[in-house]
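This report describes the fold, the nonpolar core and the largest pocket of one protein chain. The sequence and the model are shown first.

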Amino acid sequence: MLDTNVFVAGLRSADGASRLVLRHALQGRLQPLFGNALWLEYQELLNRPVWGTQTTPEERSTVLAALARQGRWVRIYYGWRPNLPDEGDNHLIELAIAGHAEAIVTHNVRDLRLGELRLGHLRICTPAEFLEVFA
């Protein structure tokens, strides 16, 4: 499952682990998960001033649509809260658990690893760590 910060980094840089993880997802080598909260975060992100001049709003929307076609929509039936220090990140853990994800790929590993719950099967990893283990 891909955190939004990997999407941003993957589109902002032509090189790097985030771009490669995004490419794997778009090629169907990994299946992104989407839930209501994460999808809304992606949608809101499209117009934030974090992009620079590397992509246009239309290009970002096109890539997100392609990512959505490769992804799987997951309904969350159970909340695992409170868990993380930042309430805004809890939906990622809930989505990963509900979707039986092997990993959450994020640049925010420090905060996501601070959860009170120990979820043995779920890995929290950077794009580079993900590529080392899963690609």
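A nonpolar core is a set of buried Ala, Val, Leu, Ile, Met, Phe, Trp, Tyr and Cys residues joined through side-chain atoms within 4.5 Å. Buried here means under 20% relative accessible area. The model under discussion is predicted.

**Overall architecture**

The protein contains seven helices and four strands, and from the N terminus on these elements follow the order α-α-β-α-α-β-α-β-α-β-α. Of its 135 residues, 43% are buried. Among contacts with a separation of 6 or more, 61% join residues 24 or more positions apart. The exposed surface amounts to about 7,400 Å², of which carbon and sulfur atoms supply 51%.

**The nonpolar core and helix 5**

In soluble globular proteins, nonpolar side chains tend to be buried together. The largest nonpolar core of this model has 37 residues, and the members that touch the most others are Met1, Phe7, Leu67 and Ile104. Helix 5 (residues 90–98) gives this core its largest share, five residues.

Helix 5 is largely enclosed by the rest of the structure, because eight of its nine residues are buried. These buried residues are Asn90, His91, Leu92, Ile93, Glu94, Leu95, Ala96 and Ile97. The elements that cover them include those in the table.

| Element covering buried residues of helix 5 | Residues |
|---|---|
| Strand 1 | 33–34 |
| Helix 3 | 36–45 |
| Strand 3 | 103–105 |
| Helix 6 | 109–112 |
| Strand 4 | 123–125 |

After helix 5 comes His100, which has a positive phi, near 55°.

Met1 links several of these segments. Apart from neighbours within four places in sequence, Met1 contacts Leu33, Leu38, Leu92, Leu95, Ala96, Ala101, Ala103, Ile104 and Val105. Three of these partners, Leu92, Leu95 and Ala96, are among the buried residues of helix 5.

**The largest pocket**

The largest pocket holds about 300 Å³ of space. It is lined by 16 residues, and those closest to its centre are Met1, Leu30, Gln31, Glu102 and Phe130. Met1 therefore has a place in two descriptions: it is one of the core residues that touch the most other members, and it is one of the lining residues closest to the pocket centre.

Strand 3 and helix 7 (127–134) each contribute at least two residues to the lining. By residue class, the lining comprises nine nonpolar, four polar and three charged residues.

Technical notes
Residues numbered from 1 in each chain as written. Predicted model: local features only at pLDDT ≥ 70, side-chain atom pairs only at ≥ 80, totals over all residues. Heavy atoms only, no water. Buried < 20%, exposed > 50% of the residue type's maximum accessible area, 1.4 Å probe, protein only. Contact = heavy atoms within 4.5 Å. 1 Å grid on protein atoms, 1.4 Å probe; cavity = no way out; pocket = protein on both sides within 12 Å on 5 of 7 lines; lining within 4 Å. Points joined across faces, edges and corners; volume = space filled by probe spheres on them. Nonpolar A, V, L, I, M, F, W, Y, C, P; charged D, E, K, R; others polar. Areas by Shrake-Rupley, 256 points an atom, 1.4 Å probe, with all protein chains shown as cover.
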